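Thank you for making time for this short talk. Please have the sequence and the three-dimensional view open, and stop me whenever a term is unclear.

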Amino acid sequence: MSTLPMAGLRLRFLTDPGEFLAAAGDYLAADPVVSTVVTTIAHRVLSERAEGISQPDRNWWLVVSDDSGAVVGAGMRTAPYAPYPPFLLPMPDEAAVALAHALHERREEVLAINGALPAVELSATELTRLGGGQVQVNQHTRLHELGELAWPPPVPGGLVAATPDDVELVTEWVAAFMGDADEQAGRPRGTSAQELPDRAEMLRRLQAGRLWFWVDETGEPVHLIGANPPSFGVARVGPVYTPPAQRGRGWASNAVAEVSRRIQAEGVRVCLFTDQANPTSNKIYAALGYRPVVDMANLVIVR
């Protein structure tokens, strides 16, 4: 753990996700939808550590406190893909600027930063002031929470759990989802830096029972959907992928509706992210009853 006091703020960089959750748990639980990415990853890493799966030394968890000791912000740097962007939750403007100074002093190379606006924009801008370069927007995202579910017109078939035997097809479709999402938003394929989970990680997800196919009336898979395990009473839906030849038939709307229904039936709130540049997905989710919560962005620093 390292601690950096800055202008009435205390920035604590932790390497243990359990220590992070102990320090910031009340803050994260106060707005569990907004904190969904950080909390689900923290709990997942805790589970992996219990299984003996090590984490890279570069990973850290951030707790921002004010003069009174109250937690006022949080973040992490756990992305498994280059350039390993930090992810920030909402925090005071001065905390976002102070974080840039802390990262600069720690001599961490930061060429991308993701998370809640305006924190990411303020931090990235200050990083370029300190180290040069220009901030560019790679992707604007929006986090939504489901209110009252509105059912779409029914389609044939139904939801079935994907199993470890489906690992090849699931891996193929998750990879296609990443590239297709860029194209549907008008970006070149591969623009949104992500790393495809390796086979072991994909098998863990399948064994956890959080990936499903929508199958048509013949039993043929026509859509893939997933959801994270609940964290602080919130589960996040994704990925949501329909192969090009199957689009426009209502598979995605029905799959998202059914997975969302099951999550809410467990007494858990449900949320998901959309790419603001993809009008199709935004329209589908709005029709189902999803409402915007917070805008986020994936920024890159070009030097």
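I will go from the whole chain to a few single residues, and then to charged pairs and some backbone details.

First, a word on what we are looking at: this is a predicted model, in which local features need a pLDDT of at least 70, side-chain atom pairs count only at pLDDT 80 or more, and totals for chains, interfaces and linings use all residues. Residues are numbered from 1 along each chain as its sequence is written, and side-chain values use heavy atoms, with hydrogens and water left out.

Let us begin with the overall picture. The protein holds eight helices and 13 strands, where helices (H or I, at least four residues) and strands (E, at least two) are DSSP runs numbered from the N terminus. Along the principal axes, the C-alpha atoms fill a box of roughly 60 × 35 × 35 Å. The radius of gyration, taken over C-alpha atoms, is 20 Å, which agrees with the value near 19 Å that a compact globule of 303 residues would have; the rule behind that expectation is 2.2 Å times the number of residues to the power 0.38.

How much of the protein is buried? Of the 303 residues, 50% are buried, and by that word I mean under 20% relative accessible area, while exposed means over 50% and partly exposed lies in between, with a 1.4 Å probe and protein chains only. If we take the contacts with a separation of 6 or more, 71% of them are between residues 24 or more positions apart, a contact being heavy atoms within 4.5 Å.

Now to two residues in the early part of the chain. Pro-32 sits in the loop between α1 (17-30) and α2, and with a relative accessible area of 6% Pro-32 is buried. Leaving out residues up to four places away in sequence, Pro-32 touches Phe-232, Val-234 and Arg-269. With Arg-269 the separation is 237 residues in sequence, yet from C-alpha to C-alpha the two are 9.2 Å apart in space. Thr-36 belongs to helix α2, which covers residues 36-50, and Thr-36 counts as buried because its relative accessibility is 1%. Beyond its neighbours within four places in sequence, Thr-36 is in contact with Leu-143, Val-234, Arg-236 and Cys-271.

The next topic is charge. Side chains of opposite charge can pair when their charged atoms come close. A search of the whole structure finds 12 salt bridges, each being a side-chain nitrogen of Lys or Arg within 4 Å of a carboxyl oxygen of Asp or Glu.

One of them joins Arg-77 and Glu-108, whose closest N and O atoms are 2.8 Å apart. This pair links distant parts of the chain, with Arg-77 in strand β4 (residues 71-77) and Glu-108, 31 residues away, in the loop between α3 (93-105) and β6 (112-116). Both Arg-77 and Glu-108 are buried.

Another salt bridge runs between Asp-295 and Arg-142, with 2.6 Å between the closest N and O atoms. Why does this pair tie together distant parts of the sequence? Asp-295 lies in strand β13 (residues 290-302) and Arg-142 in strand β7 (residues 134-146), so the parts they tie together are 153 residues apart in sequence. Asp-295 is partly exposed at 29%, and Arg-142 is partly exposed as well, at 23% relative accessibility.

A further pair is Glu-258 with Arg-261, at 2.8 Å from N to O. These two are three residues apart in helix α7 (residues 251-265), which means that about one helical turn separates them. Glu-258 is buried at 14% relative accessibility, whereas Arg-261 is partly exposed at 37%.

Finally, the backbone. Most residues other than glycine have a negative phi, and most peptide bonds are trans. Against that background, the peptide bond from Ala-82 to Pro-83 is cis, with omega near 5°, and the bond from Leu-117 to Pro-118 is cis with omega near 0°. Pro-83 is in the loop between β4 and β5 (87-88), and Pro-118 in the loop between β6 and α4 (119-131).

Which phi value does Phe-232 have? Phi of Phe-232 is near 55°, a positive value in a residue other than glycine. Phe-232, which we met as a contact of Pro-32, is placed in the loop between β10 (221-227) and β11 (234-241), and at 33% relative accessibility Phe-232 counts as partly exposed.
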